[in-house]
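Biologist: Could you take me on a close look at one part of this protein, the packing of its nonpolar core? I would be glad of a connected account that I can follow on screen.

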Amino acid sequence: MSKKEDVSNLIVKGKAKLITGAVQDALDEGCEPGELLDSMIEAMDVVGEKFKNNEIFVPEMLVAARAMKKGVEVLKPLLAEGGAGTAGKVIIGTVAGDLHDIGKNLVAMMIESAGFEVIDLGVDVSTEKFVDAVRENPDVKIVALSALLTTTMPAMKNTVDVLNKQDFRSNIKIMVGGAPITQEFADEIGADAYTTDAASAAQEAKILAA
């Protein structure tokens, strides 16, 4: 097995403690940092598929994402400036009035693992804060909104309404998700995409940013 395959396997298994050494070994053996990052992203795709097929669950996906993060930290200094986050920028946040962040954090980790640079605005994010963040990052491709309570669905609707009226709307895609959110609701409020889980969100982000 090549050192590159070693790295991929460690990510799929979520072996965060071993990943740093394995990435370094692969680099020492002459693996290109960009090539290594691509195979690590592919490994996270495998993890995402396993999750969607109920072969693994959230804890396993979290440890894989942590291993990925550790591996990327080794590569970051070696990737050309702007090389990390090559898929584009994503702004993510939980909407106003909602303090839940576990789902959002998992989505952020999976999207980051798919090669994006993630700007996490945190929880209870006002509509203005989302708009300001897009203005400050004109190269952003996706704005991802999370709501975990039925009572904060109106806040999500309001945020999407305001984003839809901005002059930058044609440059961004809006993704929504969270326990009470449905495809119907996403269509109704004018979002571009809805996903049911973090693995799907990462795959959808790649499609939207392409």
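Modeller: Happy to; here is a walk from the whole chain into the core and then out to a few single residues. Please keep in mind that this is a predicted model, in which local features need pLDDT of at least 70 and side-chain atom pairs count only at pLDDT 80 or more, while totals for chains, interfaces and linings use all residues. Residues are numbered from 1 along each chain as its sequence is written, and side-chain values use heavy atoms, with hydrogens and water left out.

Let us begin with the frame around the core. The chain has nine helices and five strands; helices (H or I, at least four residues) and strands (E, at least two) are DSSP runs, numbered from the N terminus. Along the sequence they follow the pattern α-α-α-α-β-α-β-α-β-α-β-α-β-α. The C-alpha atoms fill a box of roughly 50 × 35 × 25 Å along the principal axes. Of the 210 residues, 50% count as buried, where buried means under 20% relative accessible area, exposed over 50%, and partly exposed in between (1.4 Å probe, protein chains only). Among contacts (heavy atoms within 4.5 Å) between residues at least 6 apart in sequence, 73% join residues at least 24 apart.

Now to the core itself. A nonpolar core is a set of buried Ala, Val, Leu, Ile, Met, Phe, Trp, Tyr and Cys residues joined through side-chain atoms within 4.5 Å. The largest one here has 48 residues, and Val 7 and Leu 36 have the most contacts inside it. Helix α3 (residues 33-52) gives this core its largest share, eight residues. A second, separate core has 27 residues, including Val 140, Ala 147, Ala 186 and Tyr 194. As general background, nonpolar side chains tend to be buried together in soluble globular proteins.

Zoom in on Leu 36 next. Leaving out residues up to four places away in sequence, Leu 36 touches Lys 4, Val 7, Val 23, Ala 26, Leu 27, Cys 31 and Leu 75. Follow one of these partners, Val 23, which is found in helix α2 (residues 16-28). Val 23 counts as buried because its relative accessibility is 0%. With the same sequence neighbours left out, Val 23 touches Val 7, Leu 36, Gly 71, Val 74 and Leu 75. The C-alpha atoms of Val 23 and Leu 10, 13 residues apart along the chain, are separated by 9.9 Å.

Further along the chain, Ala 133 sits in helix α6. Ala 133 is buried because its relative accessible area is 4%. Not counting residues up to four places away in sequence, Ala 133 touches Ile 91 and Leu 121. Between the C-alpha atoms of Ala 133 and Phe 185, 52 residues apart along the chain, the distance is 24 Å.

Finally, two loop residues are worth a look. Asn 54, in the loop between α3 and α4 (58-75), has a positive phi of about 60° although it is not a glycine. Asn 54 counts as exposed because its relative accessibility is 55%. Asp 124 lies in the loop between β2 (116-120) and α6 (127-136), and its phi is positive too, at about 55°, although it is not a glycine. Asp 124 counts as partly exposed because its relative accessibility is 42%.
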